[in-house]
Amino acid sequence: MAVATFLHPLDKHLRLDRIPTLYCPGCGLGIGLAAMLRALDKRIEEGTIEPDKVLWIGGIGCSARMVFYVNYDAAHVIHGRSIPFATGVVLANPNIKAIVVGGDGDIAGIGGNHLLHAARRNIDLIVVMFTNFVYAMTGGQVAPTTPRGVKTTTTPYGNPEYPMNVIKLVSSLNANYVARTSITTPHYIEQYFYKALGMKGFRFIEVISTCPEVYGRHIGLRNPVEMYIELKKRVKYKPRPSIEEAEIDWNEGIVIGEFIERNNPSYLEIIKGELSEV
Ligand SMILES: Cc1ncc(C[n+]2csc(CCOP(=O)(O)OP(=O)(O)O)c2C)c(N)n1
Ligand code: SF4
């Protein structure tokens, strides 16, 4: 029997026949995926997660496309509908570890309604949202997270709208875990994702990412290294930030950290409890 030889320790977690990815050179998404895979690898190695029980779910977009590259069961579903798809999966089979990945457009824009109800219900899902401040895959249209004043493909005179703060929104609901990190702090992506993998209920991690090809053009930072350095300068780690500190301000800085950690009954626990009383 031929023995597979891997060049990189994470190769076994990837569908190598689909590599290289479609990501632009210098895109931050690869850093995020690698950090998540390191956390998953640790869980599998220590025996706290069975790889056969893992399901990755993504809608449409550069971020959601990660599900194409992972060597796990995966579902690539309609734009914005990854959360309801994942909800159906865990209700049908509570043993599945459902990992939803997507962009801010997919998760908070078109999928925003699903996000808030999944958090409210504390459904047993992990959602990792990559915020690059635009709809990147389709050419940089304004997203609900785009800062005010930024010129995008659809706001050529500057975005007139107030952005939505997804950390504040999800924290105000019933999610068991809410954290933010950045591709400039991959050790926190790994740490938070590792923790989330061991928890129950709704777990939400926002990862601030760099899109030099599209968002970078909008803000004059098209060089990937320059964009990375500018983001790194602004990211400020706090061990237990308040919800108010989740405000995103490019000039003032972007606070990362664990905003919420609770042990509330998850949706599956609630349902099991109620059914056992019938
Ligand atoms: C129902 C539907 N509406 C619109 C689209 C077009 N579309 C594809 S990807 C995308 C934006 C993705 O942006 P985001 O979710 O932020 O991910 P990113 O590419 O920035 O990672 C859009 C609008 C689609 N595929 N399906
Ligand atoms: S368009 Fe932006 S987010 Fe998409 S792959 Fe390119 S750099 Fe990454």
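This briefing goes through some local features of the structure shown above, grouped by topic. The model is a predicted one, and every value below was computed from it. Among its features are a cis peptide bond from I19 to P20, a positive phi at N122 and another positive phi at F133. The briefing also looks at how α1 and helix α6 pack, and at the separation between L268 and K200.

**The segment before α1**

- The peptide bond that runs from I19 to P20 is cis, and its omega angle is near 10°.
- Both partners of this bond can be placed along the chain, since I19 is found in the segment before α1, and P20 also lies in the segment before α1, a helix that spans residues 29–46.
- I19 has a relative accessible area of 35%, and because this value falls between the limits of 20% for buried and 50% for exposed, I19 is described as partly exposed.
- I19 also joins F6 and L16 in a nonpolar patch on the surface, and together these residues have about 250 Å² of accessible area.

**Positive phi angles in loops**

- N122 is a residue other than glycine with a positive phi, which is near 60°, and its place is in the loop that links α4 (112–121) with β4 (125–131).
- N122 counts as buried because its relative accessibility is 0%, where buried means under 20%.
- F133, again a residue other than glycine, has a positive phi near 75°, and it is found in the loop between β4 and β5, the latter covering residues 134–135.
- F133 has a relative accessible area of 4%, so this residue is buried as well.

**Packing of α1 and α6**

- The axes of α1 and helix α6, which covers residues 186–197, are 8 Å apart, and the two helices pack at an angle of about 45°.
- That angle makes α1 oblique to α6, because it lies between the limit of 35 degrees for roughly parallel and the 65 degrees at which roughly perpendicular begins.
- The handedness of this crossing of α1 and α6 is right-handed.

**L268 and K200**

- L268 has its place in helix α9, which is made up of residues 267–277.
- With a relative accessibility of 11%, L268 counts as buried.
- Along the chain, L268 and K200 are 68 residues apart, while in space their C-alpha atoms are separated by 9.0 Å.

Conventions: Residues are numbered from 1 along each chain as its sequence is written. Chains are lettered from A and ligands numbered from 1 in the order in which they are written. This is a predicted model: local features need pLDDT of at least 70, side-chain atom pairs count only at pLDDT 80 or more; totals for chains, interfaces and linings use all residues. Side-chain values use heavy atoms; hydrogens and water are left out. Helices (H or I, at least four residues) and strands (E, at least two) are DSSP runs, numbered from the N terminus. Buried means under 20% relative accessible area, exposed over 50%, partly exposed in between (1.4 Å probe, protein chains only). Patches are made of residues with over 30% relative accessible area and no salt bridge: like charges are joined within 9 Å, nonpolar side chains (Val, Leu, Ile, Met, Phe, Trp, Tyr) within 5 Å. Accessible areas come from the Shrake-Rupley method with a 1.4 Å probe; for residues, only the protein chains shown count as cover. A salt bridge is a side-chain nitrogen of Lys or Arg within 4 Å of a carboxyl oxygen of Asp or Glu. Axes are lines fitted to C-alpha atoms, for helices over the stretch in contact, and angles run from 0 to 180 degrees between N-to-C directions. Angles under 35 degrees count as roughly parallel, over 145 as roughly antiparallel, 65 to 115 as roughly perpendicular and the rest as oblique. A crossing is left-handed if the near helix is turned anticlockwise from the far one by less than a right angle, and right-handed if clockwise.
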